[in-house]
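Work through the exercises below with the structure open beside the text. Try each task before reading its solution.

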Amino acid sequence: MSACAVPVAGRPDVPADPVPFGLFVLKVASRCNLNCDYCYMYNKADSSWRNKPAIMSEETFDATLLRIRRHCAATGQRSVRLAFHGGEPTMVGPARFDAWCTRARSMLADVEDVGLGIQTNGTRIDAVWAEVFARNDVRVGVSVDGVRDEHDRHRVDHRGRGSYDSIVRGLGELGAAGVTWGVLSVIEPGRDPLSTHRHIAGLGADFVNYLWPDHTHDTIAGVRARFGRTPVADYLIPLFDQWLESGGAGPHVPEFWNVARLVLGGRSAHENYGNEPSRYVFVETDGAIEGLDVLRICGEGMGHTGLDVLSSDFAELAASGSLSAAIIMRGLPLPSGCASCVERTTCAGGYVPHRYSRAHGFDSPSVWCADILELFAHARARMGVTAAETARRRDERARRIAAVARG
Amino acid sequence: MSEPSDQASKPSVDITVSNLDVPRENLRETLIAAIDAELERQETQEMMPIDVHLKGSTHLKSS
């Protein structure tokens with residue numbers, strides 16, 4: 001399917017043909033039973049969740065599926081992923097979730113490969129939920145920060161009680177039901193990364209995504225004052241070495257796989273780096289079509305597009321003129337401070353929300369720039385691939401791809 | 001973003017190495033070769049599998 005081959009007349013930035021979206025994130029619940037101190041949804045710069053329905057209605061869910069079906073038909077894409085997200089998506093209850101999974105597979109039956117997933121805090125998983133996940137072939141991501149004390153330092157309920165024990169019980173149910181699950185773990189500078197990784201691996205995770213703490217240039221100063229110049233690189237580098245030297249044994253670590261891809265001249269498969277068009281969208285509980293939800297750390301309503309599934313097709317996003325449309329369809333311009341950087345084609349400014357400041361918008365390198373440079377320099381040294389070699393490989397791949405495209 | 005889990009789906013190349021007799025240098029080179037092979041395969045594919053890190057409820061508190 002030719003994506004964006006022909007621009008709309010008068011709008012060279014708008015593709016004439018709808019482009020495939022690989023992932024639709026369905027915010028089926030806008031409330032959470034936890035109150036983690038670092039949450040970008042409830043404890044940062046955006047409070048729009050207060051005006052959203054607590055749970056997505058049946059009408060909105062069905063409208064979402066119809067729009068997804070239309071979009072897949074229009075693009076001809078053969079594969080799509082749906083992610084149940086929130087808030088805490090298990091707030092919808094297992095019976096409704098089960099029915100929604102069945103409806104999703106039924107309404108998207110014309111799409112060859114439909115993947116369902118859920119990102120949950122894990123506290124409400126029991127044998128019933130585990131059976132529902134297994135029967136509907138739902139991949140599960142659970143948030144675990146580390147051992148009990150580390151985890152319960154941040155991930156608490158609304159009365160301040162830790163959530164570790166309830167999560168571990170839930171993971172046991174997932175394992176017993178044969179559900180594939182992995183972990184999102186927020187990096188906490190100063191912690192022992194190898195100890196945390198061993199603990200998560202020991203729980204039986206299939207993958208571990210280490211998440212960089214969400215900060216903008218307006219909020220990062222305290223972190224640097226407390227933990228130094230490169231606290232995230234200091235955390236990740238020992239893990240990278242362990243991963244590389246073991247041949248990738250243990251849970252899959254997408255962050256490192258992606259860094260290695262980039263060093264070897266590939267394109268980024270992860271939005272942390274590369275400034276690629278993200279090509280995925282969010283649908284809120286009220287049906288609003290939105291862009292990246294982590295933009296909430298930057299300010300109120302940053303992800304708004306003005307579209308909703310009750311009245312709009314996803315293809316209309318391209319012409320919406322919103323910040324989200326730019327991020328999703330094209331990627332933002334490289335920050336001016338990155339123009340002469342050795343990692344300008346690999347990192348390419350970093351994760352978009354981390355580029356933000358009130359003074360300069362998104363025209364700054366990531367707040368984690370020093371960490372990224374340190375991590376890439378380390379990876380290059382350990383893999384024996386210089387920046388010049390990356391560029392050579394990248395150019396060579398581009399030539400081969402162009403040759404394939406020419407037939 | 002991932003996917004919620006997909007974002008995290010295992011690579012198609014099995015890189016798990018259980019043979020402890022394999023020298024460490026070989027493990028590293030095997031891993032790098034597997035990643036390089038994945039890049040070669042994807043060159044002709046229409047869509048890149050973007051691995052979204054859906055920050056989940058964790059970092060996300062909610063979301």
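## Exercises on a sheet and its surroundings

In chain A, A:Phe282 has A:Glu290 as its bridge partner, and A:Glu290 belongs to strand 10. The model used here is a predicted one.

**Exercise 1.** Find how strand 9 and strand 10 of chain A run relative to each other, and how many bridges join them.

Solution. Step 1: locate strand 9 at residues 280-283 and strand 10 at residues 288-290 of chain A. Step 2: count the bridges between these strands, which gives two. Step 3: read the directions, which are antiparallel. The pair A:Phe282 and A:Glu290 is a bridge between residues of this kind. In general, strands of a sheet pair through backbone hydrogen bonds, in either a parallel or an antiparallel way.

**Exercise 2.** Write down the strand order of the open sheet in chain A and name its edge strands.

Solution. Step 1: follow the neighbours across the sheet, which gives nine strands in the order 8-7-6-5-4-3-9-10-11. Step 2: look at the ends of this order, where strand 8 (208-211) and strand 11 (304-308) of chain A each have a single partner strand, so one side of each is left without a neighbour in the sheet. Step 3: note the twist, since neighbouring strands are turned by 25° against each other on average, direction ignored. The pairing in this sheet is mixed.

**Exercise 3.** Describe the surroundings of strand 5 (residues 113-120) of chain A.

Solution. Step 1: check burial, taking under 20% relative accessible area as buried. Seven of the eight residues of strand 5 of chain A are buried, so this strand is largely enclosed by the rest of the structure. Step 2: turn to strand 4 (residues 79-85) of chain A, which runs parallel to strand 5 and is joined to it by six bridges. In one of these strand contacts, A:Ala83 has A:Gly117 of strand 5 as its bridge partner. Step 3: trace the chain from strand 4 through helix 2 (residues 94-107) to strand 5 of chain A, a β-α-β crossover that is right-handed.

**Exercise 4.** Do the same for strand 6 (residues 138-143) of chain A.

Solution. Step 1: five of the six residues of strand 6 of chain A are buried, so the strand is largely enclosed by the rest of the structure. Step 2: strand 5 and strand 6 of chain A pair in the parallel sense over five bridges. The partners in strand 6 include A:Val142 for A:Thr120 and A:Gly141 for A:Gln119. Step 3: the path from strand 5 to strand 6 of chain A passes through helix 3 (residues 127-135), and this β-α-β crossover is right-handed. Step 4: strand 7 (residues 181-186) of chain A pairs with strand 6 in the parallel sense over four bridges, and A:Trp181 in strand 7 stands opposite A:Val140.

**Exercise 5.** How many cavities of 30 Å³ or more are found, and what lines the largest cavity?

Solution. Step 1: a search of the whole structure gives four. Step 2: the largest cavity holds about 160 Å³ of space. Step 3: its lining has 15 residues, with A:Glu271, A:Asn275, A:Glu276, A:Ser278 and A:Val352 nearest the centre. Step 4: sorted by type, the lining residues are eight nonpolar, five polar and two charged.

Definitions and conventions:
Residues numbered from 1 in each chain as written. Chains lettered and ligands numbered in written order. Predicted model: local features only at pLDDT ≥ 70, side-chain atom pairs only at ≥ 80, totals over all residues. Heavy atoms only, no water. Buried < 20%, exposed > 50% of the residue type's maximum accessible area, 1.4 Å probe, protein only. Pairing = 2+ DSSP bridges. Right-handed = clockwise from strand over helix to strand, strands pointing away. Axes fitted to C-alpha atoms, helices over the stretch in contact; angles between N-to-C directions. 1 Å grid on protein atoms, 1.4 Å probe; cavity = no way out; pocket = protein on both sides within 12 Å on 5 of 7 lines; lining within 4 Å. Points joined across faces, edges and corners; volume = space filled by probe spheres on them. Nonpolar A, V, L, I, M, F, W, Y, C, P; charged D, E, K, R; others polar.
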